[in-house]
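Subject: Structure handover

Hi,

Here is the structure I promised to pass on. Please load it before reading further. My notes follow below.

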Amino acid sequence: MRILILCTGNSCRSQMAHGIIRSLRSDYEVCSAGTFPAQQVNPYAIKVMHEIGIDISSHTPTNVADYLATDWDYVITVCGNADETCPTFDGRVAHRLHIGFEDPAEATGTEEEILNRFRLIRDQIYRRMQLLLTEIS
């Protein structure tokens, strides 16, 4: 099974989903990318994923253009902007899904308040990816 997770910056939501799916199904090929990739994975995303035993510290944001010629079983957008601007793939895409989540990078407040927002979104992504994997397995 080959899964590509897309968002705009490929720094938070798609990276968390990427790490979660890979932790749940190590036999699946999972990649993530952004339509306008950031310079680095958000440090808060790395931190909250580490809290649940998933290391995404070696991940780097990637441009979706790198994957357009690849065949995918699933291409999943996790933000509205990526869903609206998702490019056309030259490779075969068996299923295209949109499973949107709020952007935790927009959180403001104290460090603890920001971390709590990232944790909330991480947990939402975790539950939804578990359900998706159950449905497609």
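Angles here run from 0 to 180 degrees between N-to-C directions, with axes as lines fitted to C-alpha atoms. One caveat first: this is a predicted model.

**The sheet**

Start with the strands. There are 4, and they form an open sheet. The order is E2-E1-E3-E4, with parallel pairing. Strand E2 (29-34) and strand E4 (93-98) sit at the edges, each pairing on one side only. From one strand to the next, the twist averages 20°.

Now look at the E1 and E2 pair. Strand E1 covers residues 2-7 and pairs with E2 in the parallel sense over 6 bridges. One of the bridge partners to check is Glu 29 in E2, which partners Arg 2.

**Helix H1**

Which strands does helix H1 lie across? Helix H1 (residues 13-24) lies across E1 and E2. Its direction is at about 180° to E2.

H1 has 12 residues. From first C-alpha to last, H1 reaches 16 Å, close to the 16 Å expected at 1.5 Å a residue.

Why is H1 described as largely enclosed by the rest of the structure? Buried means under 20% relative accessible area. By that cut-off 9 of the 12 residues of H1 are buried, so the helix is largely enclosed. The buried set runs Arg 13, Ser 14, Gln 15, Met 16, Ala 17, His 18, Gly 19, Ile 20 and Ile 21.

What do these buried residues pack against? Their partners are E1, E2, helix H2 (43-51) and helix H4 (111-136).

Best wishes

Terms used: Residues are numbered from 1 along each chain as its sequence is written. This is a predicted model: local features need pLDDT of at least 70, side-chain atom pairs count only at pLDDT 80 or more; totals for chains, interfaces and linings use all residues. Side-chain values use heavy atoms; hydrogens and water are left out. Two strands pair if DSSP finds at least two bridges between them. Helices (H or I, at least four residues) and strands (E, at least two) are DSSP runs, numbered from the N terminus. Contact means heavy atoms within 4.5 Å. The expected span of a helix is 1.5 Å times one less than its number of residues. Buried means under 20% relative accessible area, exposed over 50%, partly exposed in between (1.4 Å probe, protein chains only).
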